[in-house]
Each structure stands twice: as structure tokens, then as C-alpha cells.
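Biologist: I am new to this structure and would be grateful for a close look at a single part of it. Please take the place where two of the chains meet.

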Amino acid sequence: MFLKKYLSDIFSAVASLLKGMRMTGYYFTHRKEIITQNYPDNPELMKLPERFRGEVVMPHDENNEHACTGCTACELACPNATIKIITKFDISPDGKKKKALDTFIYHLELCTMCNLCVVACPTDAIKMAQNFEHSVFDRSKLTKKLNAPGSKIREGIE
Amino acid sequence: MFSLEGITKSIDRWLNSTFHPTLALLLEFLIVGLCAITLFAVLGLVLVLMERKVSAYMQIRRGPNRVGPGGSLQTVADTIKLTMKEGLTPDGADKFLFNLAPFVVLTVAMLVLAPIAFAKGFQLWDINIGVLYISAVSSVSIIGILMAGWASNNKYSLLGAMRSGAQIVSYELSAGLSIISMVVLTGSLQISDIIASQQNGWWIFKGHIPAIIAFVIFIIAVTAETNRAPFDLAEAESELTAGFHTEYSGMKFALFFLAEYVNIFIVCAIGATLFFGGWMPLHIGNWTGFNHIMDYIPSSIWFLGKTFFLIFLIMWFRWTFPRLRIDQLLNLEWKYLFPISMFNLLLITVMAIMGWHF
Amino acid sequence: MSASSVIFYVISGFILATALLAVTTKKIFRSAIWLLFSLIGVAGLYFWMQMEFIAAVQIIVYVGGIVVLIIFSIFLTQQSGNEMQKPSGIRTIFSILAVCIGFTLTYLLIRPYIFTPSSNTPMEVSVKNIGSQMLSTTEHGYVLPFEVVSILLLAAMIGCIVIAMKIKPEEK
């Protein structure tokens with residue numbers, strides 16, 4: 001009984017080790033499985049995974065319009081005060097005052113790419129971009145203004 | 001046809017005809033020493049590169065690919081970097097032993113090189129106790145490791161050295177027993193006799209299943225003896241920073257690193273000699289035609305091919321298996337490898353007496 | 001003086017010097033290392049005599065076994081890293097005296113024998129001969145010492161296992 005268990009232990013151990021070796025052997029012989037890329041050599045061939053998060057951006061359309069209402073939901077959602085929103089009051093043609101976005105300040109150096117601001121945004125005004133080459137010589141360059149100069153909110157977004 | 005034997009013979013003849021015999025002998029010593037050092041350097045460069053490439057491909061990476069074509073000069077660059085680094089000796093260390101230890105380890109590796117047959121008739125010293133000499137001298141290298149661990153005056157180094165010592169002492173047993181089982185089949189300790197006995201087939205084929213078991217035990221035991229993963233508790237990075245060579249830097253570290261890879265080469269060369277017939281080409285029984293074709297491949301290529309196959313096998317282990325815990329390590333040796341190799345030795349002895357092998 | 005005798009004197013000098021260092025050094029670990037070099041020197045002497053088998057056994061037993069054991073016991077000893085105190089004067093005198101007496105005794109013992117250099121070529125001891133001699137029951141066979149030693153080692157091994165064995169606590 002003891003001998004049987006001893007031998008079956010050995011055989012199952014050898015079998016499981018061989019299984020592992022088969023896997024690494026497969027990877028060794030199949031170069032097309034390689035998932036790393038020659039980074040600086042092939043900027044055009046490089047493909048990043050879909051869910052990779054590099055920085056927060058605010059997309060603008062061709063009329064230089066964005067979708068941000070300045071509701072500060074993202075600012076409240078941010079766990080480490082990366083986003084600061086400065087609002088202003090626009091006067092609409094019929095004389096009513098309306099809250100609007102003045103400056104969207106984004107501190108890249110504080111951001112952990114947690115995606116909570118994008119989730120919190122009610123109008124899908126911000127999203128995560130895939131740019132990852134963030135190194136600069138001056139730290140103040142990491143503080144970014146996300147809305148383009150002269151941009152305004154798209155019509156019909158409340 | 002290319003043969004190393006002819007080259008060495010003609011050099012010997014030329015030296016003896018031009019110089020006084022004693023001077024010729026001294027010159028031959030010098031040449032052999034230079035060749036051994038060159039071999040060490042080349043082995044270090046090639047094996048480290050091979051290890052990095054193999055590990056990269058097994059982990060679905062590319063590995064070094066910047067320096068030279070396909071990264072082939074990466075280890076040269078690494079060596080230049082290491083030689084330019086400062087060789088630091090810690091203040092609390094036993095300075096004499098600290099500086100001596102890497103040389104002890106490397107000298108032992110160099111001594112073990114002597115009886116290895118690299119090709120037909122290309123062997124430094126065909127000593128009549130070849131295999132015993134190898135296992136005797138290689139047991140000295142553990143002293144170098146213990147010395148390094150103690151002299152560093154560092155708890156990690158000391159723990160790493162202790163672990164490494166315990167491991168080498170335990171696994172030497174099963175490695176020795178599997179070597180002895182091949183010696184039983186051959187009836188001689190001399191390397192040239194062992195190779196000659198595989199004229200009509202390698203022992204791993206001629207010795208049936210017991211020889212294969214002996215080979216498996218041998219390869220496990222030597223992986224443990226060279227302190228490589230999955231048996232690398234001695235330098236377990238996550239717990240002991242780097243084990244016995246934590247305090248070493250620059251060229252002294254490089255010597256330890258080099259000795260590790262040279263030791264891998266040596267144990268694989270011994271494995272190739274015992275189980276795969278050293279430089280002996282693949283011969284099958286009495287198939288004269290087939291054997292004749294195989295003889296056309298130079299013997300040095302056979303030897304290096306077999307050795308590098310075994311090195312690749314050991315690297316394959318390293319990059320597949322996770323590290324063992326110390327109790328698992330000792331369990332494996334004393335509860336599995338040692339009894340199995342004892343039983344296997346008995347089986348092989350019976351086989352050799354009854355003449356059941358081919 | 002031939003090259004062979006030069007090598008002999010070099011090896012002998014090495015053995016004596018390292019042996020002297022082993023007993024005079026103040027650090028216990030260094031002492032073990034010097035002892036190691038002395039034993040390796042003895043193995044070198046055997047190699048010089050072309051007695052390769054004995055040389056290999058010398059290395060396996062003394063270097064691979066005993067010195068490693070000594071080093072391990074040093075590692076496990078407390079305060080083994082400290083330097084030892086200088087021995088007191090009376091101790092030094094008596095130890096020198098003991099050494100002199102031992103040397104004289106050895107010299108007196110070996111003086112009556114005349115060592116003639118043998119002109120025989122060194123014999124080639126094959127492993128086969130050693131093996132059969134070890135197990136031969138004839139007059140100069142070594143089967144009795146061989147068996148006695150193996151029984152001694154077996155007893156030592158069983159003793160170790162008994163000491164190291166953990167006694168399981170009684171089930172309640």
C-alpha cells in the first residue's frame with residue numbers, strides 16, 4: 001500500500017513536471033507567440049492592448065467643440081485630486097446665465113490611471129488615451145489644460 | 001578530415017623537434033593553460049547569452065537584441081562593464097579569505113576540466129581514476145562557497161552558504177550513485193575506457209530502463225549541485241538578496257558567475273560522457289554502413305552537441321519549474337532520489353553481472 | 001636536483017607552512033581553511049607519487065567530508081567570529097616542548113630504517129585490482145577490515161537516525 005502510493009506519487013510528479021516543460025518547450029519553438037515588441041524601432045507597427053490606459057484626454061470634434069458641461073463629477077470622483085475644473089457663466093442668447101467649463105486642469109504627475117473619472121462623467125466628455133511617452137524635462141509641463149483654447153460645448157448637451 | 005587530434009599531434013611534434021624536451025613540455029603547459037582560460041572566457045560569454053535567450057523565448061520575450069546582431073555581443077558588453085566596476089571589499093570582512101574565495105571556486109572548475117575528453121584523442125590528462133577524480137575535486141568547490149559566505153560578514157551570505165553547502169553535500173550522494181552505476185556497466189573509471197565501451201551504442205540505449213533512471217537522477221542531482229533553479233535556494237533572490245555572493249562586486253563577482261556557468265558545462269560534459277558516449281558518434285550495434293556515415297561528423301561536434309543539449313535541458317528546467325522549499329529539497333533527496341538510486345544501482349549491478357545489457 | 005624533487009620540496013614546504021599557520025592563527029575559521037590547504041597538499045603529494053586513487057580518496061574524505069564538517073560546526077558555534085585570546089606564556093612553553101618531544105620521538109622511530117630510493121617504475125593500480133583486493137579472503141585481502149568498517153558506519157548511521165528521530169507525542 002505504501003509502495004503503491006510512493007510510486008504513484010513519483011509518476012504524478014513526473015507527469016506534472018513534463019506538462020510544464022511541454023508548455024515552455026512550445027513557447028521556445030514558436031516564435032510567433034512572443035508578446036513583447038521592439039519598442040523604439042517600430043512606432044508604426046506597435047500595437048497596444050485595447051484596455052491600456054496612458055492619460056486622460058478630452059476629445060474635440062472638428063468644430064473645436066467638446067462635451068464637457070463642467071459638472072465637476074470627475075473632480076469629485078478622482079481619489080487623488082488630479083483634476084481641477086474651473087467654471088464660468090455663459091450668457092445664452094435669451095439672457096439666461098448658464099454654467100460652463102472654463103479650464104479643465106489635469107495633473108498627469110498625480111494620476112494613477114484608475115479610470116474613475118471616465119466612469120463618473122455623465123456626458124462621456126473625457127476618455128483614456130494610449131499615449132505613454134510622458135517624460136519631460138520640467139515637471140510643470142505635466143500639468144495640462146485639456147480643453148483646447150477657444151473651444152466650447154457642443155450644442156444639445158446638458 | 002578535420003580532427004583536433006591531428007592538430008595537437010603536429011604541434012607536439014614541432015615543439016619537440018625545435019626545442020629541448022623539457023622546454024617543449026613547459027611550452028605545452030603554457031599553451032594548454034592559455035587554451036583552458038580561453039575556453040573559460042568563451043564558455044562564459046556563450047552560456048550566459050544562451051541562458052538569456054533561452055529564458056526569453058520560454059517566457060515569450062525577445063531577450064537581448066540591441067548589442068551586435070541579434071544581441072550576440074550583449075555578454076561582451078556585460079563583461080566590459082563588470083571589469084570596469086570597482087571591486088569592493090566590505091569593511092568587516094575577513095579580507096584575505098574574501099578575496100581568496102572566488103579564486104578557489106574558479107581553480108576547482110579549472111582542475112575538473114583536466115580529464116574531460118573533448119574529441120577523439122583530445123584530452124588533457126587521461127587519468128586512470130577519471131570519474132572519481134572529477135567527483136573528488138568538484139567537492140572542493142563547496143569550500144570556496146562556504147569561505148565566501150563566512151568572509152563576507154553578512155547574514156544573508158552566511159545563510160546562503162550554509163544552504164548551498166547542505167544542498168551540495170546531500171545531492172553529491174545521488175549524483176555519485178548514478179555515476180557509479182555507469183562505472184559498474186563499464187568496469188572502469190577511466191574516461192577513455194568509458195567512451196570506448198560505448199563503441200556499439202550509448203549506455204542510455206544499451207542499459208535499458210535502469211540507465212534512463214540513472215540519467216534522470218544524475219541530471220536532477222547535478223542541477224542541484226550547481227545551485228540552479230529549481231534548487232537555487234542558496235541564492236534565493238526574494239529572501240537572501242543573492243546568497244553567498246551578496247557582497248561581491250566587479251570582477252570578483254564575475255569570477256563566481258563564470259564558475260557557475262563553467263560548472264554547468266563540466267557536469268553536462270560528464271553526463272554526456274557517461275550516458276551519451278562523449279565524443280563517440282551515434283553507433284547502432286553492427287550496422288556498419290550507418291556507423292560509417294556517422295563517423296564522418298567530427299568527434300568534437302558530437303561532444304559539443306551532446307553537452308549543449310544537456311545544458312539546454314538544464315536551462316529548460318530552470319525556466320519552467322518554481323523554486324523548492326528547503327524541506328521539499330531534502331525530502332526529494334533523502335526520500336526519493338537516494339533510495340531510488342540505491343535500488344537502481346543494485347539493478348544495474350545485477351544487469352552487468354548477468355550481461356543483460358546489449 | 002631534478003624537477004621531480006623540486007616539486008616534492010615545494011609541496012612539502014606548502015604542507016608544513018599551512019599546517020603551521022593552521023595551529024598559530026587566531027581566527028578559528030582561518031585555521032580550518034589552512035588545515036584544508038594542508039590536506040590538499042598531502043593529496044598533491046600522493047599525486048606526485050602517482051597514487052591517484054589514494055589522492056582522490058584523500059580529497060573526498062578529508063576535504064569533502066571532514067573539513068566541511070569542521071566548517072559547519074564552526075558556523076553553528078556562538079562567537080566563532082571573534083579572535084581568540086593570546087595563549088598564556090606557560091602554555092606556549094609547554095606546547096613548544098610537546099612539539100619538540102613529538103618530533104624527536106618520530107625521528108628516533110624512523111631513524112633505524114634506511115630508505116633506499118626504489119628504481120621500480122610506479123605501479124599502475126587499476127580500479128579492478130583495488131576492488132578485488134578489497135573483497136579478497138586470501139592472506140593479504142582486506143575483506144575483514146572492509147566489513148568491520150562497514151558495520152561501524154552502519155551502526156553510526158542507525159545511531160544518527162535514532163538521535164534525529166522525532167518521537168511522536170502519544171495520541172490522547
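How many residue pairs are in polar contact between chain B and chain C, counting those with both residues at pLDDT 80 or more?

Modeller: The model is a predicted one, and between chain B and chain C the count is 0 residue pairs in polar contact, with both residues required to be at pLDDT 80 or more. The number of salt bridges between chain B and chain C is likewise 0. The contact nevertheless draws on 25 residues from chain B and 28 residues from chain C. Among those of chain B, Asn128(B), Ile143(B) and Trp150(B) lose the most area to chain C, and together they make up 26% of what that side buries. About 2,300 Å² is buried between chain B and chain C, and carbon and sulfur atoms give 83% of this area.

On the side of chain B that touches chain C, the elements giving two or more residues are helix 4 (95–112), helix 5 (130–138), helix 6 (141–151) and helix 7 (155–186) of chain B. Sorted by class, this side of chain B has 21 nonpolar, 3 polar and 1 charged residues.

As for the partner, chain C has 6 helices and 0 strands. Its radius of gyration is 22 Å, whereas a compact globule of 172 residues would have one near 16 Å. Along the principal axes, the C-alpha atoms of chain C fill a box of roughly 75 × 55 × 30 Å. Of the 172 residues of chain C, 20% count as buried. Within chain C, residues 24 or more positions apart account for 50% of the contacts with a separation of 6 or more.

Note on methods: Residues numbered from 1 in each chain as written. Chains lettered and ligands numbered in written order. Predicted model: local features only at pLDDT ≥ 70, side-chain atom pairs only at ≥ 80, totals over all residues. Heavy atoms only, no water. Contact = heavy atoms within 4.5 Å. Buried area = accessible area lost by both parts, 1.4 Å probe. Salt bridge = Lys/Arg side-chain N within 4 Å of Asp/Glu carboxyl O. Polar contact = N/O pair within 3.5 Å; in protein donor to acceptor, adjacent residues only side chain to side chain. Helix = DSSP H or I, 4+ residues; strand = E, 2+ residues; numbered from the N terminus. Nonpolar A, V, L, I, M, F, W, Y, C, P; charged D, E, K, R; others polar. Rg over C-alpha atoms; globule rule 2.2 N^0.38 Å. Buried < 20%, exposed > 50% of the residue type's maximum accessible area, 1.4 Å probe, protein only.
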